[in-house]
Amino acid sequence: VKLWFAWKYFGKEGYRKRVENLIETAKYAEKTVNENIKLQMLVPRQSFTICFRFIPSVKTDLNAFNLALREALRKSGKTILNYSYIGETVALRLVIINGEIEKSDIGLFFTHLLKTASHLEKTKLLNHAEAKQ
């Protein structure tokens, strides 16, 4: 019924445009991950889902770091990011489902993610330095 209502509201052409926008936006997010040396694509993009992780410059447990990053983003109230495991590896899962989303929204998402990750890296470095003293 949900699909029928959406189809009825947007029409065939409107629905097509929304789906094309979702695909283009997901491709843009995939490109953003692939072009940033701090981000690692874990599997090829599947439709509207991008599975990646952040690679900190400090030596740390990558799974724990990425779970902490996800939680910090959630607590900030700026974004909610899903996660899953690919084998033993934590994958941050960006799932693009809003047909109204724009590339600027994806850019803002990655800005928040990278700032939050940078803050976590600095905290990790400070904690590591304090532990050595």
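Colleague: Before we start, what makes a set of residues a nonpolar core?

Modeller: They're buried Ala, Val, Leu, Ile, Met, Phe, Trp, Tyr and Cys residues, joined through side-chain atoms within 4.5 Å. Keep in mind that this model is predicted.

Colleague: Okay, so which members of the largest nonpolar core touch the most other members?

Modeller: That core has 23 residues, and the ones you're after are Ile50, Phe52, Leu69, Leu94, Ile96, Phe110 and Leu113. Two or more core residues come from each of helix 1 (2-35), strand 1 (39-41), strand 2 (49-54), helix 2 (62-76), strand 4 (89-95) and helix 3 (103-132). Helix 3 gives the largest share, six residues.

Colleague: What is Phe52 in contact with, leaving aside its neighbours within four places in sequence?

Modeller: Quite a list! Among them are Val33, Leu39, Met41, Ala91, Leu94, Phe109, Phe110 and Leu113.

Colleague: Now Glu121 in helix 3. Why does Glu121 count as buried?

Modeller: Its relative accessibility is 8%. Buried means under 20%, so at 8% Glu121 counts as buried.

Colleague: And what does Glu121 touch, not counting residues up to four places away in sequence?

Modeller: Glu121 touches Lys38, Phe54, Pro56, Ser57, Val58 and Phe65.

Colleague: Last one: why is Ser47 called partly exposed?

Modeller: Ser47 has a relative accessible area of 46%. Buried is under 20% and exposed is over 50%, so 46% falls in between and Ser47 is partly exposed.

Colleague: Where does Ser47 lie?

Modeller: In the loop between strand 1 and strand 2. Its phi is near 45 degrees, a positive value in a residue other than glycine.

How values were computed: Residues are numbered from 1 along each chain as its sequence is written. This is a predicted model: local features need pLDDT of at least 70, side-chain atom pairs count only at pLDDT 80 or more; totals for chains, interfaces and linings use all residues. Side-chain values use heavy atoms; hydrogens and water are left out. Buried means under 20% relative accessible area, exposed over 50%, partly exposed in between (1.4 Å probe, protein chains only). Helices (H or I, at least four residues) and strands (E, at least two) are DSSP runs, numbered from the N terminus. Contact means heavy atoms within 4.5 Å.
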